[in-house]
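Colleague: I have not looked at this one before. Can you take me through it?
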There are 2 protein chains.
Amino acid sequence: MSTAKTFGDSRRPYHHGDLRRAILTAALDVIAADGPSGLSLRDLARRAGVSHAAPAHHFKDRTGLLTVIAAEGFGLLAGAIGEAADLKDAGVRYVRFAREHPAHFQVMFAPELLREGDLELATARALATDALRHAVSAVPPEGRGADARLAGVAAWSLAHGFATLLLGHNLDGAVGERDPEEVFRVLASMLFRVAAD
Amino acid sequence: MSTAKTFGDSRRPYHHGDLRRAILTAALDVIAADGPSGLSLRDLARRAGVSHAAPAHHFKDRTGLLTVIAAEGFGLLAGAIGEAADLKDAGVRYVRFAREHPAHFQVMFAPELLREGDLELATARALATDALRHAVSAVPPEGRGADARLAGVAAWSLAHGFATLLLGHNLDGAVGERDPEEVFRVLASMLFRVAAD
DNA sequence: TTCCATAACTTGACACTGACAAGATTGCAC
DNA sequence: GTGCAATCTTGTCAGTGTCAAGTTATGGAA
């Protein structure tokens, strides 16, 4: 009933309660700070106050943990892009997602760290690409040149490159004090002049 | 005189001869195949047929090895972009560089794996950014909107995003059988209509 | 309420890794 | 030739991922 499962002593309960989420959030912190290479399951276990083998029960592997994070990321991204008004807005939301969820973003595009066959990952990724495809289809044909598919590739490349360079601090000088989203709006306008501002 | 320094026996010589380069190329192979996370100094030592601590003498660290690779990459990239005729060509060369040197490319933009204070890295990176800046300045003002700096950011973002997504096999479906460089040319044309083909 | 199947977690072990220290071997300048 | 510095080896340590086997709690059926 009370918070302490065991008698009123100082020992922590045998069951953590929400270890899975605790490890996930700790992992996101570590990745955002030091990248996926700085991640250690044993370190996450220590942060959560559990034994070194506890994480394996929830995620099987280091790869399993990262795969869950990637799938979660694609789900979040799909939700964000799904609400976009037009393609430029989708790009802005893509950049916003990368800035708000840098750990997810990094892991999502590090295929060598993921269990590529994972079902949840595949479905979440499909959701995100569908959302992108839908945003592309909303652009009037005269605004996107001959090939609609290439317009999508262009938009994705621009947003992805901008987000990646931003997270890697490669644009600190160029962006300066300006809001990165506003800067990206300018770039997007260069790409699709029809759907301007 | 002969290739075998020691008597005609089967034992390898104490000195490798070109261990530094041997380890570098082995590292590039591993990274291209499995990413930087798949890199192990001991594995590289085994491939080169030397003891496990030999690599440390040439690169100090795992970080040191990766920093050398990144610096080499920026040097190669600067050389490639420096020969570009215009900004679109610079973008094409950027994409070509990423495809021809995927290991370099990955490491160059993984700052958490690098010794950021390293001098050779800083100078090589400065060379590359200068080459990019120069390519941007060659675009006529009416072709690049108000801010020249933003035109550079747009071009860099587009090329970087396209290259990154390409290496991650995120564009396999969209590019199909076409030559990626030709596809990128189309994307670049969308960005800068003035400097069209 | 009792009981038990199962989920959640621990303990222990093994092979592997990066890093450091100290010693052995070799080439090269003088 | 001789000495010195660069190159490479051997040995060791702490840290990591992963597996196997045991311990503890939980939830539902009887």
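Modeller: This is a predicted model. Its largest nonpolar core has 139 residues.

Colleague: Which residues have the most contacts inside that core?

Modeller: Those are L65(A), F162(A), L65(B) and F162(B).

Colleague: What does L65(B) touch?

Modeller: Leaving out residues up to four places away in sequence, L65(B) touches I23(B), L24(B), A27(B), L39(B), L41(B), L44(B) and F59(B).

Colleague: Other topic. What turn lays chain A on chain B?

Modeller: A turn of 180° with a shift of 0.0 Å along the axis, and the RMSD is then 0.0 Å. That is the relation of a two-fold axis.

Colleague: Which residue of chain A comes closest to the rotation axis?

Modeller: G161(A), with its C-alpha at 1.7 Å. Both copies use the same surface, since 100% of the contact residues of chain A recur in chain B.

Colleague: And how many residues does the contact take from each chain?

Modeller: 35 residues from chain A and 35 residues from chain B. The two chains bury about 2,900 Å² between them, and 70% of that is on carbon and sulfur atoms.

Colleague: Which residues in chain A lose the most area to chain B?

Modeller: L150(A), L165(A) and M190(A), which together make up 18% of what that side buries.

Colleague: How many salt bridges and polar contacts are there between the chains?

Modeller: The salt bridge count between chain A and chain B is zero. Two residue pairs are in polar contact between them, both at pLDDT 80 or more.

Colleague: Which element gives the largest share of chain A's side?

Modeller: α8(A), with 13 residues. In chain A, α8 (148–167), α9 (172–175) and α10 (180–191) each supply at least two residues of the side touching chain B.

Key:
Residues numbered from 1 in each chain as written. Chains lettered and ligands numbered in written order. Predicted model: local features only at pLDDT ≥ 70, side-chain atom pairs only at ≥ 80, totals over all residues. Heavy atoms only, no water. Least-squares fit on C-alpha atoms with pLDDT ≥ 70 in both. Contact = heavy atoms within 4.5 Å. Core = buried A, V, L, I, M, F, W, Y, C linked by side-chain atoms within 4.5 Å. Buried < 20%, exposed > 50% of the residue type's maximum accessible area, 1.4 Å probe, protein only. Buried area = accessible area lost by both parts, 1.4 Å probe. Salt bridge = Lys/Arg side-chain N within 4 Å of Asp/Glu carboxyl O. Polar contact = N/O pair within 3.5 Å; in protein donor to acceptor, adjacent residues only side chain to side chain. Helix = DSSP H or I, 4+ residues; strand = E, 2+ residues; numbered from the N terminus.
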